[in-house]
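Open the model in your viewer and keep the selection box at hand. This tour goes stop by stop, telling you what to pick next.

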Amino acid sequence: MSHKLALNLFFLLFSVIGTSQSSKTNAFTISSELKEHANAVIRHQSLEIEIKDYNKMIVTEHRIVTVLNEYGIKKTGAYLGYDDAVNIKEVKAIVYDALGEEIKSFKEKEFKDVSSISGGTLFSDNREKYLSYTPSSYPYTVEFEAQYVTSTTAFMPRWIPIEGYFISTEFSSFKVVNSSGVILKKKTSNFENYNITEVSDFHFEANNLKAIKAEAFAPDFSVFAPELKLALQEFDMKGVKGINTSWQSFGKWVDTDLNKDTEVLPENVITEITKLTSAASSDIEKAKIVYKYMQDKTRYISVQVGIGGWKPMLASDVDKLSYGDCKALSNYTKALLKAVGIDSYYTLIYGKRDIESIDKAFSSQQGNHAILAMPYQDNYVFLECTSQTTPFGYIANFTDDRDALIITPEGGKIVHTTVYNTEGNTQKSQASITLDETGAFTAKLEIASKGTQYNKYKSLEDKEDKDKTLYYKNKYDNINNLEIVSMRFNNNKDNIVYTENLKLKASKYGSRAGNRILLIPNVFNKNTYIPPRYQERTLPFEIDRGFVDEDEYIFTLSNTLTVEALFDAVSLTSKFGEYNAKIEKLTDNQLKYTRKLTLNKGKYTKEDYKAFRKFYSNIVKHDKSKIALKK
């Protein structure tokens, strides 16, 4: 029987049996368990890696994916990235309909061949061949086969048998044949909770892995999903041979081989930066001057040609061109600091909103970003060098609170980046509000944000006034007929505090009920979000960054209004945080509303989620508490 005929029979069997009411069972049926929460099902996935030498690797992939709906289209995996170090031997695909009939076959020349350039990349020799197919109906199935030879072995393919949320796996195989004589390391994570078999030392198979549904507040996918990592102790990166027996040896290679001779600056630049910092009274003051010099002179643009995806551009080229990517700008800043006698370390890290650490127990090529670490008072100041506006030493919400690899002359060293503690992530709001007998108000509002909360608002500086106005109208959409009278901002980069000063007015904020006015005193920081309810929570959850919100509003009432009813003070305490709110009468025509919400950073079990949701629900309920004023 031919290969294609066998596949047609395969799909015909699973399609007919999977959709009929027949009581017969068959190995080709997609079980209801695999369809649950799935946008696509990996029917078959085999990945075989043959390592011939430290600089020669053959990768063969065979993949069959059934797409169940429009959200599963991107899960076909029918693509192959390549560059000049990759020799493609084969790329082909076949698309089948729901009955297993072939719709169309694709040869390599029929794949789209495009640059892998991203929006921030100026030059790149990374390319991608991908299958471009628009289905007319669902389900449909894509069979994809590829083989390539590469001399770059620094990045060994990983095996992730569950490839993300909403995709299940019927069968997946991962096999490595190492005839190179080079020691190959491996590390498995989270295998114990899944149906995964170790066939031999470097051969694993997975069967019937159900799709994982995304859930609110879940930790990073890598925390709980199964994964296999590989690393050669000798490897090649675009012609540069590397050694990786430990993080120390790997970091030593980055410092002495990969980044070698990249920090040389023109003499006139050294003279200029030396003069600029000559009056500085401390190293930290010098470093701030250097950082501002770099920010004012450069902009972020990714350049990934040749080994440029991993090796920094020359510091002299960055100075001449005034641009670079994260590696280049970090290396350039390092060279400037060195010119004024300050040590700093090139640092590899995962840059993303979710917290993901370099795996300190497994040395290998990891991370997707580079920053700078400057020793200071038995610790480090971490510098994000890709932003023209970020304050010195501020890394919140992108590279904070995770393990990173600093590159020292003695080798690599794992360190933990700055943790922004709950107590320092503050937003303090103060308002004076004048309320008339119709329920209309005028208000002066000041909001000061620090820590991780600083980052939420600083982008306002670059917006047009009309966009700023729209931002506040959307933010305070609970206030009818809101008018933004004036806006003033103060971005204190030395203390890293962002302050907003607003003058606002609105008609009919309070609702009239006969001769009474009912209003919610929490005018400007009302929480309306309640975490979703799950019939059965399956994942643990975490609050990755805690914070504290404090609000104080002074209401001055029209002489025609008297207070009829105030709500009782509220105090909620749980392991997730605390909430306090009260309103009190200061004088006959003045009220003070105070509110404080603390949300604690922490990791929790799935069994805790119900109580967490209830805590949030109670906050939302009490943020809506009303008072009654009488005319």
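Which residues touch the most other members of the largest nonpolar core? Select Ile-433, Phe-441, Tyr-476, Ile-479, Phe-524 and Leu-629. They hold that place among the 67 residues of this core. Now add helix α10, residues 609–623. With 5 residues, α10 gives the most to the core. Keep in mind that the model is predicted.

**The whole chain**

Zoom out. The protein chain has 631 residues, and buried residues make up 50% of them. Color by secondary structure to see 10 helices and 38 strands. Along the principal axes, the C-alpha atoms fill a box of roughly 90 × 80 × 40 Å. Take the contacts with a separation of 6 or more: 71% of them join residues 24 or more positions apart.

**Tyr-476 and its surroundings**

Go back to the largest core and center on Tyr-476. Beyond residues up to four places away in sequence, Tyr-476 touches Leu-445, Ile-447, Leu-482, Leu-502 and Phe-524. Another core lies apart from the largest one. This other core has 61 residues, including Phe-111, Leu-209, Ala-225 and Leu-258.

**A hairpin**

Select residues 482–492, strand β27, and residues 497–506, strand β28. The two strands pair in the antiparallel sense, over 10 bridges. Find Asn-492, which stands opposite Val-497 in β28. Together β27 and β28 form a hairpin, with 4 residues between them. In the turn, click on Ile-496, which has a positive phi of about 55 degrees. Show the side chains along a strand. In a regular strand they alternate between the two faces of the sheet.

**Helix α3**

Next, select residues 247–258, helix α3. Which of its residues are buried? They are Trp-247, Ser-249, Phe-250, Gly-251, Trp-253, Val-254 and Leu-258. Leu-258 is also one of the residues in the 61-residue core. Now show what covers the buried residues of α3. The cover includes β15 (234–237), β16 (240–243) and β20 (345–349). It also includes β23 (403–408) and β24 (411–416).

**The cavity**

Stay with Phe-250, which also lines the largest cavity. The count comes to 1 cavity of 30 Å³ or more. About 60 Å³ of space lies in the largest cavity. Select the rest of its lining: Thr-153, Ala-154, Leu-230, Ala-231, Leu-232, Phe-235, Asn-244, Ser-364 and Gln-365. Which strand gives the largest share of this lining? Strand β14, residues 227–232, does, with 3 residues. By class, the lining has 6 nonpolar, 4 polar and no charged residues.

**Two buried loop residues**

Select Asn-39, in the loop between α2 (32–35) and β1 (40–53). Why does Asn-39 count as buried? Its relative accessible area is 15%, and buried means under 20%. Leaving aside neighbors within four places in sequence, Asn-39 is in contact with Val-67, Leu-68, Asn-69, Tyr-71, Gly-72 and Phe-166.

For the last stop, select Asp-608. Asp-608 lies in the loop between β37 (602–604) and α10. Is Asp-608 buried or exposed? Asp-608 counts as buried, because its relative accessibility is 18%. Setting aside neighbors within four places in sequence, Asp-608 is in contact with Phe-541, Lys-575 and Phe-576. From here, step into α10 to return to the largest core.

Notes
Residues numbered from 1 in each chain as written. Predicted model: local features only at pLDDT ≥ 70, side-chain atom pairs only at ≥ 80, totals over all residues. Heavy atoms only, no water. Pairing = 2+ DSSP bridges. Core = buried A, V, L, I, M, F, W, Y, C linked by side-chain atoms within 4.5 Å. Buried < 20%, exposed > 50% of the residue type's maximum accessible area, 1.4 Å probe, protein only. Contact = heavy atoms within 4.5 Å. 1 Å grid on protein atoms, 1.4 Å probe; cavity = no way out; pocket = protein on both sides within 12 Å on 5 of 7 lines; lining within 4 Å. Points joined across faces, edges and corners; volume = space filled by probe spheres on them. Nonpolar A, V, L, I, M, F, W, Y, C, P; charged D, E, K, R; others polar.
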